[in-house]
Amino acid sequence: MYHIYCPHCAEYREEEEFHAAGQAHLPRPLDPDSCTDEEWGTYLFFRKNPRGIHHELWVHAAGCRKFFNMTRDTQTYEIKEVYKIGEKPSIVAES
Amino acid sequence: MTQKNRLQNGGRIDRSQSLTFSYNGKEYQGFKGDTLASAMLANGIDLVGRSFKYSRPRGIVAAGAEEPNAVLQLGATEATQVPNVRATQQELFNGLVSASTNGWPSVETDIMGMVGKLGGNLMPPGFYYKTFMFPQSLWENYETMIRKAAGLGRSPKKNDPDSYDHINHHCDVLIVGAGPAGLAAALTAARSGARVMIADEQNEFGGCLLSTKETLDGKPAAEWVASVVAELSAFENVILLPRSTVNGYHDHNFVTIHERCTDHLADIAPALQARQRMHKVRAKWVVLATGAHDRPLVYGNNDVPGCMVASAVSTYINRYGVVPGNELVLMTTNDYGYQAALDWHEAGRRVAAIVDTRTAANGSRAQAARAKGINIILGSAVIEVQGGKRVTGVSIAPISQDGNKVTGAIKALSADTVASTGGWSPVIHLSCHTGSRPIWNDEIVGFLPGKTLQKQLTAGGINGQYELAAALSEGFAAGQKALSELGLPAVELVLPKAKVAVQDAPMSLFHIPHIKPTSQAPKQFVDYQNDVTAAGIELACREGFESIEHVKRYTAMGFGTDQGKLGNINGMAVAAKILNKTIPETGTTIFRPNYTPITFGAVAGRHRGELFDPKRYSAMHQWHIKRGAKFEDVGQWKRPWYFPQGAESMQDALNRECLAVRNSVGILDASTLGKIDIQGKDAREFLGRVYTNAWAKLAVGKCRYGLMCGEDGMVFDDGVTACLGDQHFLMTTTTGGAARVLEWLEIYHQTEWPELEVYFNTVTDHWSTLTVTGPNSRKLLSELVDYDITNENFPYMDWKQITVAGVPARVFRISFTGELSFEINVQANYGMHVWEKLFEVGAKYSLTPYGTETMHILRAEKGFIIAGQDTDGSVHPHDLGMSWCVAAKKPFSFIGKRGMARQDCMREDRKQLVGLKTKDPKQVIPEGAQGVFDRTAQIPMPMVGHVTSSYWSENLGHSIAMGFVKGGLSKMGESVFYPLADGSVIEAEICSPIFLDPKGERQNV
């Protein structure tokens, strides 16, 4: 059970109030119609499944209903940081 | 006094309070303060069960959570049955009813025991896999037989009369374990004013101090415990939880505690009290002071009743005043083990010998034993025990100092009890729950907690610090460390003085050698509960299971309700020896929640019966009940399904309701439809992006049907949206899709198009929606409105803000039946009033209430889809024949546009939604039936699509259906066949799904 800091409410709340909404930083192509099938398929279906640092979209569903990003370690379940939509993560996996 | 093993004095029991309990139908006496196990031992009960696989007689081995054998069925009545209760942790109460759970027909005369005796070698590890898997068809029969023979306890067949609670906490420091280290940590934290919780699985605080003769400041240790508990109890910032097992340590310092509030009082909890409570704690810091378990040694026939772990013997003597036998042989690899023999001797019974596997023993406890004249045999081990239902004697032999072989002559001794110890195993289970791997330590011959990311501290036995003075100072240090991390002031604490014993190093020994090879020696049990022997582990390793995780799964070691608390390390040692590796090289299995089993009641808490899941009711629900409606669950909503009259069958009711709507007027409670209020200057633009059709020109006062797709182009919801103002819309969604659609809108707004000014709010519950539909609906409604609702003044697909039955209402002229319809939306709390008014004036038109089933039939007659029934996430609007609802020319590439333009989505032979008319008009195809083009094809027949909606239409006099057919839109008039499970085949003609009024004239009058 995670203890999650909602960057909009500026409070720690229980995981029960949140849910994950998939990988973060997947912008919708600005001109979908010019995408090839392969490009569109990649946008639609291909997701990372890292062991370690991962950036995810979460929503404070039973709270402020706002989305935010979370950098999470999928191995240790550590939440490294949360940040608002449009912001960049300060912690990224070493490549 | 019939308690033949009870001492006259001593222990923490109250001899003035005699308690009666029963075991396997026979009554016995015990005392207040006893556990069920101590009372059984006091009464000389040797046999508590039969083993899982070999059905060998088993007795009580331990005195706490680690007990593998005394796992009993409790309960005086059917409803109060509790399976798999450890007798060592169950406090005795008057009237307690217990029974052994394995042994068939009884624990004394057991059929499987014969198999175990005769065919021990016929049941190697993997026996069940190897024997019972073939033929597979018989597995169910085998399983029943095995369960009966093996016995795993049983669940009650009646409802539990007790209630269970959940409670949430936040605290600064949670201390797990109230032994010397835990109490010192708690007192330290408490004195600084921190919010402290301390939980312990036992009925009273003190841990090992409750069963020791050690002193603190020269006084019995229990006195110090009492003073600390008194001080802690006086603090307002401290919560003390006895009888509370910390059963799980989860991420981010979330800890679950299973408190047994009344299990010690009676079979059923006293009135108004919860039987058990699950505490859910978010702790800033956790101090694990969980102590250590004594680890037995593995030797021949070590499961014969009378074989126990050494520290348990001390606990029964010192804490319960029970000596569990007359003649003791103690086998030890370390100094601590001597204590059991000292306590036994002091209780006035005979110690036949202390068998120390080391060649020398000069520590304080060994010297004390020598001083009392106890026979100490050095450099030797008990290689084998004799006896059936109780130990009768032992074979002792000298062993090599690497512990691998017997080096001399066997000597026989008579004894009825064998206590053994291979040293302490730190109770590291909780530290493993969050994924931390334990680390082997050669010095203490055991695993210590590994690195963790949790805010976790450890103190005392869990760190391999077994001396009292060390445990106390570690507890104090852990408390101080927590305080400094929390930024709280340090406190003063004068620790009581404990005697420091001189210790010799322990010997690293787990598996005692025998004169015969392990495979031929008498069975040497590693895991009692799962009947895993040293020979079995050796065999598993020889068969190629080298990873300890595989050995575990193959042999079932550690899979019992005791999770291998006693056996796992011995098992790893046996595997390490045969694999010629060290224990750390062999690796360890790690422990998962729960530490000890918990009841389903505690997991469920109050979330059962009526409170299991919220239910949602419309404002007219009571009317529906009075009218005898049958209900259907739609999400959490209770919706009227149909309204039977008298003894009417469901089909008769549906026929009547359908005819009423088409011929006069019917009414549906549509309040459950999802409603989302959308406002903002970019609301219209936003709608255009999330719906497939056009919204730019929808005028104020108009309504429009919309389809919503995912980015893959597949339909996921639909509904009508009304333009309330130029910047104000009301969207309706399917009943079940409301929450999902709202989140869908939010995620696109918040993450993709934050520049659009638009706001969403759910208003589903704010409105009651009453759908009046049928040719007489206008006549009926006109009697209750303040407005001219003629077709000219209020045309189809318009909405009006008017007054209905004196109440402000939004009325939508939209239709899901194909009939002239008015959807009346009023504030939810006016719903019943308007509903009843409609029935007052509707009597002359025979206004007929109908439910969801008639709604489904009527829309199917019109070929209207239901998202989620006729769609499944794999169909796009063109598949549904709804290309008219896709505005491909919209300037913005709306959600779904690119997806439905993918190559695979453009195939001509996709499964497409069509109408299906059976050749025999009376036949109704079952929904879900799979169609084929060639009814004579070999099985497996190529399937071409399934039926999604299928009904009897009383209005049309024949069955109607919709379904997917490969390339169906270009196969009008052709046949498709539905072979059914009973061998019959239904033939249907592919047709338009619009069976009634294809031009839509009836709704437009």
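Me: In this predicted model, how many residues of chain A and of chain B take part in the contact?

Reply: The size of an interface is often given as the accessible area lost when the parts come together. Here a residue count is available: 20 residues from chain A and 20 residues from chain B form the contact. On the chain A side, helix α1 (residues 37-45) contributes the most, with three residues.

Me: Which classes of residue make up the side of chain A that touches chain B?

Reply: That side holds 11 nonpolar, seven charged and two polar residues.

Me: How many residues of domain 1 of chain B are in contact with domain 2 of chain B?

Reply: Nine residues of domain 1 meet seven residues of domain 2. The domain 1 side comprises five polar, three nonpolar and one charged residue. In the assignment, domain 1 of chain B covers 14-150 and domain 2 covers 164-289 + 426-486.

Me: Is A:Ala10, with its C-beta neighbours inside 10 Å, buried or exposed?

Reply: A residue is exposed if 12 or fewer other C-beta atoms lie within 10 Å of its own, and buried if there are 20 or more. A:Ala10 has 7 such neighbours and therefore counts as exposed. Its phi is near 60°, a positive value in a residue other than glycine, and A:Ala10 lies in the loop between β1 (3-6) and β2 (11-14) of chain A.

Me: And B:Asn253: buried or exposed?

Reply: B:Asn253 is buried, because 21 other C-beta atoms lie within 10 Å. B:Asn253 also has a positive phi, of about 55°, and sits in the loop between β13 (244-250) and β14 (254-260) of chain B.

Conventions. Residues numbered from 1 in each chain as written. Chains lettered and ligands numbered in written order. Predicted model: local features only at pLDDT ≥ 70, side-chain atom pairs only at ≥ 80, totals over all residues. Domains from an automatic or database assignment. Contact = placed C-beta atoms within 7 Å. Nonpolar A, V, L, I, M, F, W, Y, C, P; charged D, E, K, R; others polar. Helix = DSSP H or I, 4+ residues; strand = E, 2+ residues; numbered from the N terminus.
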